[in-house]
Amino acid sequence: MGKIPIIAVLVLGAGWIAACGGPGTSEISTAMTEFAFTPSSSSVSAGSEVTLTLTNDGTVDHNWVLMDAGYTVTTPFDDADRAKVFAETSLAAGDSATFTFTAPSEAGTYQVVCSIPGHLEAGMEASLTVP
Ligand SMILES: [Cu+2]
């Protein structure tokens, strides 16, 4: 008798989740070199769980830094820019790894940079679009 309400709640909960659909998942891949991200633009679904496969094909460490909505880094990358980071990861020369993060929920074009001194200045920049 006591189990029935619990089952009802579980069924209702599952139905609600299914009805809403979910933001789903996105998969993107990016290669880093001196001094570029390839491809230079990628797209992910709003609010999705993103799996980013990163490869550092360069000879020095690089990082992948996604900036907040509407924000463009001013060089050199400093504390003011660091305060506007949405997600980031770094990768040693020659390494490859996957990195997961939740995509921005707001549509827009987001700046991706390498924050290592001199790298953005040398052109190490890309964009991530949330359509
Ligand atoms: Cu770099």
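**View 1. The whole chain, element by element.** The protein chain holds two helices and nine strands, where helices (H or I, at least four residues) and strands (E, at least two) are DSSP runs numbered from the N terminus. Keep in mind that this is a predicted model: local features need pLDDT of at least 70, side-chain atom pairs count only at pLDDT 80 or more, and totals for chains, interfaces and linings use all residues. Residue numbers start from 1 along each chain as its sequence is written. Walk along the sequence and you get the pattern α-β-β-β-β-β-α-β-β-β-β. Of the contacts between residues at least 6 apart in sequence, 69% join residues at least 24 apart; a contact here is a pair of C-beta atoms, placed from the backbone, within 7 Å.

**View 2. The five-stranded sheet.** This open sheet runs in the order 3-9-8-5-6, with mixed pairing; two strands pair if DSSP finds at least two bridges between them. Strand 3 (41-43) and strand 6 (85-91) are the edges, and each has a single partner strand, so one side of each has no neighbour in the sheet. On average, neighbouring strands here are turned by 20° against each other, direction ignored, with axes as lines fitted to C-alpha atoms, for helices over the stretch in contact, and angles running from 0 to 180 degrees between N-to-C directions.

**View 3. Zooming in on the pairings of that sheet.** Strand 3 and strand 9 run parallel, joined by three bridges, and S42 sits opposite L128 in strand 9. Strand 8 pairs with strand 9 in the antiparallel sense over six bridges. Y110 also has L128 of strand 9 opposite. Over at strand 5 (residues 62-67), six bridges lead to strand 6, again antiparallel; M67, for one, has V85 as its bridge partner in strand 6.

**View 4. The four-stranded sheet.** Here the order is 2-1-4-7 in an open sheet, with mixed pairing. The edges are strand 2 (36-38) and strand 7 (96-102), each with a single partner strand, so one side of each is left without a neighbour in the sheet. Neighbouring strands are turned by 30° against each other on average, direction ignored. Strand 1 (residues 25-33) and strand 4 run parallel and share eight bridges, with T30 partnered by L54 in strand 4.

**View 5. The largest nonpolar core.** It counts 22 residues, a nonpolar core being a set of buried Ala, Val, Leu, Ile, Met, Phe, Trp, Tyr and Cys residues joined through C-beta atoms within 7 Å. V65, L66, M67, V112, V113, C114 and L120 have the most contacts inside it. Strand 4 (49-56), strand 5, strand 8 (108-113) and strand 9 (125-130) each give two or more residues, and strand 5 gives the most, with four. Leaving aside neighbours within four places in sequence, L66 touches F86, A87, E88, Y110, V112 and L128 by the contact criterion.

**View 6. D81, a buried residue in helix 2.** Helix 2 spans residues 79-82 and includes D81. D81 counts as buried because it has 21 C-beta neighbours inside 10 Å; buried means 20 or more other C-beta atoms within 10 Å, exposed 12 or fewer, partly exposed in between, with C-beta atoms placed from the backbone. Beyond four places in sequence, D81 is in contact with V73 and T74. The C-alpha atoms of D81 and S115 are 9.2 Å apart, although 34 residues separate the two along the chain.

Notes: Two residues are in contact if their C-beta atoms, placed from the backbone, lie within 7 Å.
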